[in-house]
Amino acid sequence: MSFSSFNPIQTNTPQQVTANQPLALRQDQVFHGTIKQLYPNQMAEVQIGNQKLMAKLEVPLKLGDAHFFQVTATNPQTELKVVTGPMSQTITAGQQLTQLLETMNLPKSNEMQQVLSHFMKAQLPLSKEQLLAAESWMKNLPAGVDKNNALQALQRMVELKMPFTNTVFQALTQGVKTDGLSANLTNLAQLLASQAGGNETVKLNLLQQIDQLAKPLNNETGGLLLARAIQTLLDNGTPIASKLQALPVLKEASILPQQANLQNWQSANKQITQQASNQAQPVQTGQSVPLQKEAGLMMQQLAQATPEQTKPMLEQLRVWMSNESLLSQTQKQQIQQLIARFEQIPSSKQAIKAFTNQMQQQLLKAYSENATTGLFTKNEEGISAKDQLLSLIKPDSNLPQADQLLRNLVKAAADSPQPLVQSAFTQAEAQVQSSVDSRAMEQAIKTVLKGLGVSYEATLANKAGDIQAAAQQIKPQLLTLIQDAQTPPVLRDAAEMVMARLNGMQLSSGENGHQHQLIMQVPLEFFGKKMDATLQWNGRMKEDGKIDANFARIMFYLNMESLQKTVIDMQVQNRVVTINVYNDIANLDSLATSLKGSLKTGLLDKEYTLSGVFIKPFGEREGKTLTKVQNQQEDQQGGVDIRV
């Protein structure tokens, strides 16, 4: 069974898409229509699919005849010219096509006939220029692109009034592929490294970004290394020699400044960064400011507070501590005792400084400990223990910078000749590998999609997030490479292929009334094993514009090294989940039995009930292709339509 591509869920006919909208025709467009009513002065009602329009005919026609028409004018009224004779018992559809080709002086190639035949059935108008462009694109389809998928892409372009360009066509045809994105990225990386010419800075940035995609859990490895290094520096029982091995790695990763030493490393960054002070928004006399969510900035606020501000800030600190899910109850009790002791002494600048240093020390110990035990755990603000730990050491770093710092630490540790650092690196990688769970998969997918730049345009449009950091993602870098006239042609072709895959995701996703479709193609790599994963989600939107989590249909197309090609069809009805897994490996059901319990428990945690998991060979789907399943409608009680 092959599933190299799928048709988008929203392959509606034009009457479904625009049933409530008047049909808009442009000059020189050609379409197939039927005469439904005749009026004086050669006016007629012409039906195109489920749409009807009034138009003036150049010559009288017979009621009920079907012709190819060409639009000769649209203002002040639509005027039509008959291009072919009527279809009848003696004139077949094929003869109509031949007559159309001759009348419009179109090439009689197989590709042109395929395009015309498809659009005749779909009842869609096309101009001569569009027909010629479509024929050219069909003749030069890239390897692996099915002709039926290409015709569906052309239809979608016309239905949704997309720009009729080769760029959009390539994006739509590539966007329905379910495998090969990993290979496309690998090929691009090889060409970036081997091809001379073009913008070397952009090429280097792209290589680095592609390399980061191959290690989506590098930040967790970096978080473990950071936690172990901090524990080494804080432990009074650790030999000085061991501390002197840990300190240089943090410097090389730019987590600590070069002037940091064993005595001042906790405060070295604070002494040289004015930006952090600006971010912390120091409180003024008589002013009450909520504490920051990041522990490092919170410590700066405490350090800058006046004696008059200490009491309200301590109350805020207690509230923060009670809500901080990244701290254990024992750790919270220790912090509570520290606060209580501070409240017993007169408030002064010196006392505040001493209290802040003690609090910093306490939090460093707590978060370094918790970062090693809760790799993928985050609090309600989406902050992890490693994030809090890094903020305590380098409070001026924002989230994109923090990610880069942790990747720097992984590289510095991997390249370090020190035995202690090498041992810590090996242990960190092993711990991450053994801790991979559903949260790890979620984190990896988010990391890959962010690195690809799937949401780059949304970031620019909404001015959300760090635009400068977003500019370093793969998609904007590809655009720069493609637009550079000095880029070697073979490298530009590879870049355009990857860009088409990324654009295809967005063009294949969209809304249709209450229905919403989302396509995600994710090239994943875990510990040397590569996997292409495509997710096709279709559900409904509630009246408030939010997704209805009670109903959905999700198709997963997976191509893995061990399990090979696998399709997972997941249906959610009233929060009851039914899963069909299609794979041709023998005895897969027995291997999966032990995992069904954890799946059921995980779904229950999210308030879903597992109805069953059914593992079947692809052969059971004969006569029921994925495309047919995708276009099927299921009418449920309550008026819910799920289109698969």
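1. Let me start with what packs around helix α23 in this predicted model. The elements covering the buried residues of α23 include α7 (181-194), α8 (200-213), α20 (438-452), α21 (456-462), α22 (467-470) and α24 (489-508). The helix itself spans residues 474-483 and is mostly covered, with 7 of its 10 residues buried. Those buried positions are Ile474, Lys475, Pro476, Gln477, Leu478, Leu481 and Ile482. You may enjoy noticing that a lysine, Lys475, and a glutamine, Gln477, are on that list.

2. Next, the hydrophobic interior. The largest nonpolar core holds 109 residues, and Leu226, Leu363 and Tyr367 are the ones that touch the most other members. Helix α16 (residues 349-373) gives the most to this core, contributing 9 residues. To see the surroundings of one of these hubs, have a look at Leu363: leaving aside residues up to four places away in sequence, Leu363 touches Ala295, Met298, Met299, Trp320, Leu327, Ile335 and Leu392.

3. There is also a second, separate core, made of 33 residues. Its members include Phe68, Met120, Leu141 and Ala153. Please keep Phe68 and Met120 in mind, since both return in the next point as residues that line a cavity.

4. On cavities: searching the whole structure turns up 6 of them at 30 Å³ or more. The second largest has a volume of about 80 Å³. Which residues line the second largest cavity? They are Val30, Phe31, His32, Phe68, Leu116, Phe119, Met120, Leu124, Leu126 and Leu131. Two elements, β1 (29-39) and α3 (110-122), each supply at least two residues of this lining. By character, the lining divides into 9 nonpolar residues and 1 polar residue, with no charged ones.

5. Now for the strands towards the end of the numbering, beginning with β8 and β9. Strand β8 (residues 515-526) runs antiparallel to β9, and 12 bridges join the two. Within this pairing, Glu525 stands opposite Lys530 in β9. The hairpin of β8 and β9 has 2 residues between the strands, and Phe527 in this hairpin takes a positive phi near 50 degrees. That backbone value would be a nice one to look at on your screen.

6. On its other pairing, β9 (residues 529-541) is joined to β10 (residues 547-560) by 10 bridges, again in an antiparallel arrangement. Two pairs help to fix the register: Asn538 has Arg553 in β10 as its bridge partner, and Gln536 stands opposite Met555 in β10. The hairpin of β9 and β10 has 5 residues between the strands, and here Gly545 takes a positive phi near 85 degrees. Is β9 largely enclosed or open? Since 10 of the 13 residues of β9 are buried, this strand is largely enclosed by the rest of the structure.

7. Finally, β10 continues the pattern with β11 (residues 564-573): these strands run antiparallel and are joined by 10 bridges. Phe551 has Gln573 in β11 as its bridge partner, and the hairpin that joins β10 to β11 does so through 3 residues. Taken in order, then, β8 pairs with β9, β9 with β10 and β10 with β11.

Technical notes: Residues are numbered from 1 along each chain as its sequence is written. This is a predicted model: local features need pLDDT of at least 70, side-chain atom pairs count only at pLDDT 80 or more; totals for chains, interfaces and linings use all residues. Side-chain values use heavy atoms; hydrogens and water are left out. Buried means under 20% relative accessible area, exposed over 50%, partly exposed in between (1.4 Å probe, protein chains only). Helices (H or I, at least four residues) and strands (E, at least two) are DSSP runs, numbered from the N terminus. Contact means heavy atoms within 4.5 Å. On a 1 Å grid over the protein atoms alone, a cavity is a set of points where a 1.4 Å probe fits but cannot get out, and a pocket is an open set with protein on both sides within 12 Å along at least five of seven lines; lining residues have an atom within 4 Å of a point. Grid points are joined across faces, edges and corners, and a volume is the space filled by probe spheres set on the points. Ala, Val, Leu, Ile, Met, Phe, Trp, Tyr, Cys and Pro count as nonpolar, Asp, Glu, Lys and Arg as charged, and the others, Gly among them, as polar. A nonpolar core is a set of buried Ala, Val, Leu, Ile, Met, Phe, Trp, Tyr and Cys residues joined through side-chain atoms within 4.5 Å. Two strands pair if DSSP finds at least two bridges between them.
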